[in-house]
Amino acid sequence: MKQTTALRIGRSALVVALAGGVVPVAVAPAAFAAQKATLGPYGYGNLKLGMTATKAKATGRIVRKSVGDNARCTGWDLKESPYGEYRVGMYISKKHGVAMIVAPTGLKTPQGIGLGSSRAQLKAAYPNLRRGPGGYPTADVPGKKAYYMFYVSNSNNKVAGMSLVLAKQDCVRY
């Protein structure tokens with residue numbers, strides 16, 4: 001009898017939960033995880049290149065950081081992957097919006113390149129890889145309004161860092 005009562009309460013709770021809108025909340029984290037799975041070609045999940053600081057803040061995914069600020073740009077970190085005291089994970093230009101997003105650990109490009117990918121994998125995924133600002137390997141994204149910048153370690157020939165950068169930006173100079 002106690003088991004039957006528990007089942008009835010359980011079913012009632014499920015019906016109340018469904019009617020009360022719990023399912024969208026339960027589905028949202030899975031949708032969010034799928035949304036943030038790649039860096040690029042237009043941004044990172046709901047953070048898009050060119051987005052104003054106000055819109056970027058409204059995503060709830062970033063936190064202000066004064067490191068890297070200059071007259072034209074402000075420094076930010078992704079809440080899920082904050083950097084230490086002297087680095088930032090993102091720049092927002094006052095003129096151009098979100099200008100650069102640094103990839104957190106575990107993130108990959110749509111072509112499957114991420115931290116730890118080999119130089120050979122990078123070249124296979126991006127056959128038109130070229131030398132970009134500062135001599136770093138870069139690859140254009142569709143439409144050429146942005147590019148990926150890869151930091152490849154000379155010691156092990158693996159991708160040690162990568163960023164998605166707005167082609168027309170005024171935040172970072174190399």
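What follows is a walk through a predicted model of one protein chain, from its overall layout to its cores, its disulfide, its salt bridges and two individual residues.

The protein has 174 residues, of which 37% count as buried, and its secondary structure consists of 4 helices and 10 strands. Read from the start of the sequence, these elements come in the order α-α-β-β-α-β-β-β-β-α-β-β-β-β. Among contacts between residues at least 6 apart in sequence, 44% join residues at least 24 apart. About 10,200 Å² of surface is exposed, and carbon and sulfur atoms supply 58% of that area.

The interior can be taken next. In soluble globular proteins, nonpolar side chains tend to be buried together. The largest nonpolar core in this model holds 28 residues, and the members that touch the most other members are Leu39, Ala56, Ile62, Met90, Val98 and Phe150. Strands β4, β5, β6 (97–102), β9 (146–152) and β10 each supply at least two residues of this core. Apart from it lies another core, of 11 residues, which includes Val88, Tyr91, Ala99 and Met149. Met90 gives a view of the surroundings within the larger assembly: leaving aside neighbours within four places in sequence, Met90 is in contact with Leu47, Ala56, Ile62, Thr74, Gly75, Trp76, Val98, Met100 and Ile101.

A covalent link also ties parts of the chain together. A disulfide is a covalent bond between the sulfur atoms of two cysteines. A search of the whole structure finds 1 disulfide, and this bond joins Cys73 to Cys171 with an S to S distance of 2.0 Å. The link connects distant parts of the chain, since Cys73 lies in strand β4 whereas Cys171 lies in the segment after β10 (159–166), 98 residues apart. The angle about the S-S bond is -90°, and the link of Cys73 and Cys171 is left-handed. Both ends are covered: Cys73 counts as buried because its relative accessibility is 0%, and Cys171 is likewise buried, with a relative accessible area of 10%.

Charged side chains provide further links, and the count comes to 4 salt bridges. One of them brings together the side chains of Glu80 and Arg61, at 3.3 Å from N to O. This pair links distant parts of the chain, with Glu80 in the loop between β4 (73–78) and β5 (90–93) and Arg61 in the loop between α3 (53–58) and β3 (62–65), 19 residues apart. The two partners are covered unequally, in that Glu80 counts as partly exposed at 36% relative accessibility, whereas Arg61 is buried at 4%. Another salt bridge joins Asp69 and Arg64, at 2.5 Å from N to O; here Asp69 counts as partly exposed at 32% relative accessibility, and Arg64 counts as partly exposed at 41%. In a further one, the side chains of Asp140 and Arg130 meet at 2.8 Å, N to O. That pair also links distant parts of the chain, with Asp140 in strand β8 (residues 137–140) and Arg130 in strand β7 (residues 130–131), 10 residues apart. Asp140 is partly exposed, with a relative accessible area of 32%, and Arg130 is partly exposed at 39%.

Lys65 deserves a separate look. Lys65 sits in strand β3, and this lysine counts as buried because its relative accessibility is 13%, below the 20% cut-off for that class. Where does the side chain of Lys65 reach? A polar atom of this side chain lies 2.6 Å from the backbone oxygen of Gly84, and the side chain reaches the backbone oxygen of Arg87 at 2.6 Å. Beyond neighbours within four places in sequence, Lys65 is in contact with Gly75, Trp76, Asp77, Tyr83, Gly84, Glu85, Arg87 and Val88.

Tyr42 may be set beside this lysine. Tyr42 is found in the loop between α2 (22–35) and β1 (43–44), and is Tyr42 buried or exposed? At 52% relative accessibility, Tyr42 counts as exposed, the cut-off for that class being over 50%. Tyr42 nevertheless touches Leu47, Lys48, Leu49, Pro142 and Leu164, not counting residues up to four places away in sequence. Tyr42 and Ala146 are 104 residues apart in sequence, and their C-alpha atoms lie 7.8 Å apart in space.

Definitions and conventions: Residues numbered from 1 in each chain as written. Predicted model: local features only at pLDDT ≥ 70, side-chain atom pairs only at ≥ 80, totals over all residues. Heavy atoms only, no water. Buried < 20%, exposed > 50% of the residue type's maximum accessible area, 1.4 Å probe, protein only. Disulfide = S-S within 2.5 Å. Polar contact = N/O pair within 3.5 Å; in protein donor to acceptor, adjacent residues only side chain to side chain. Contact = heavy atoms within 4.5 Å. Core = buried A, V, L, I, M, F, W, Y, C linked by side-chain atoms within 4.5 Å. Areas by Shrake-Rupley, 256 points an atom, 1.4 Å probe, with all protein chains shown as cover.
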